[in-house]
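Work through the exercises below with the coordinates open. Try each task before reading its solution.

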Amino acid sequence: MPSGGVHPDGCAAPGPTHTSTAHAEALSSKIKEQKIIVDELSNLKKNRRVYKQQQNSNIFFLEDRTKIFSESKNTLDELKKEYQALENSETTKVKTQST
């Protein structure tokens, strides 16, 4: 069995690069999703209601639209920072390995 990480689906990863690439792809997907959420919330009319799903449940609660919009923007910013940090660490690794 190859050494490395284990993916959430239970498959062994061949090495750290594959794991970081998968992590970067997952982050990229989350960023795209979060961008859509922010865009949808920003285009809502002022009188529209926004509901938030209770975690691990099928129950939705009425929320303040501006609060959810600001939380979504913050989440998007955090994801972008994490993605940028990951990209910077990959760039640093490549530069270190090539010297």
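The exercises cover charge pairs, a core and a surface patch in this predicted model.

**Exercise 1. Find how many salt bridges the structure holds, and name the partners.**

Step 1. Apply the cut-off: a Lys or Arg side-chain nitrogen within 4 Å of an Asp or Glu carboxyl oxygen.
Step 2. E71 and K52 pass, with their closest N and O atoms 3.4 Å apart.
Step 3. K67 and E63 pass as well, at 3.5 Å between the closest N and O atoms.
Step 4. The count is two salt bridges.

**Exercise 2. Explain what the pair E71 and K52 ties together, and classify the exposure of both residues.**

Step 1. Take the pair itself: E71 forms a salt bridge with K52.
Step 2. E71 sits in helix 2 (residues 65–98) and K52 in strand 1 (residues 50–53), so the bridge links parts that are 19 residues apart in sequence.
Step 3. E71 has a relative accessible area of 29%, which makes the residue partly exposed.
Step 4. K52 is partly exposed too, at 39%.

**Exercise 3. Classify K67 and E63 by exposure.**

Step 1. Recall the limits: buried is under 20% relative accessible area, exposed is over 50%.
Step 2. K67 has 41% and is partly exposed.
Step 3. E63 has 25% and is partly exposed.

**Exercise 4. Decide whether R65 is buried or exposed, and look for a charge partner.**

Step 1. Locate R65: helix 2.
Step 2. R65 is buried.
Step 3. The nearest side chain of opposite charge is D64, 6.8 Å away.
Step 4. A salt bridge needs N and O within 4 Å. R65 has no salt bridge.
Step 5. List the contacts, leaving out residues up to four places away in sequence: L41, L44, K45, K46, R48 and V50.

**Exercise 5. List the residues of the largest nonpolar core, and find which helix gives the most to this core.**

Step 1. The core has seven residues: A24, L27, I31, V38, L76, L79 and L86.
Step 2. Helix 1 (16–42) and helix 2 each supply at least two of them.
Step 3. Helix 1 gives the most, with four residues.
Step 4. Check one member. L79 touches L27, K30, I31 and Q34, with residues up to four places away in sequence not counted.
Step 5. Set this in context: nonpolar side chains tend to be buried together in soluble globular proteins.

**Exercise 6. Identify the residues of the nonpolar surface patch that includes Y51, and give their accessible area together.**

Step 1. The patch consists of Y51, F60 and L62.
Step 2. Together they have about 340 Å² of accessible area.
Step 3. Place Y51: strand 1.
Step 4. Y51 is partly exposed, with a relative accessible area of 45%.

Methods. Residues are numbered from 1 along each chain as its sequence is written. This is a predicted model: local features need pLDDT of at least 70, side-chain atom pairs count only at pLDDT 80 or more; totals for chains, interfaces and linings use all residues. Side-chain values use heavy atoms; hydrogens and water are left out. Helices (H or I, at least four residues) and strands (E, at least two) are DSSP runs, numbered from the N terminus. Buried means under 20% relative accessible area, exposed over 50%, partly exposed in between (1.4 Å probe, protein chains only). Patches are made of residues with over 30% relative accessible area and no salt bridge: like charges are joined within 9 Å, nonpolar side chains (Val, Leu, Ile, Met, Phe, Trp, Tyr) within 5 Å. Accessible areas come from the Shrake-Rupley method with a 1.4 Å probe; for residues, only the protein chains shown count as cover. A nonpolar core is a set of buried Ala, Val, Leu, Ile, Met, Phe, Trp, Tyr and Cys residues joined through side-chain atoms within 4.5 Å. Contact means heavy atoms within 4.5 Å. Lys and Arg count as positive and Asp and Glu as negative; His and the chain ends are not counted.
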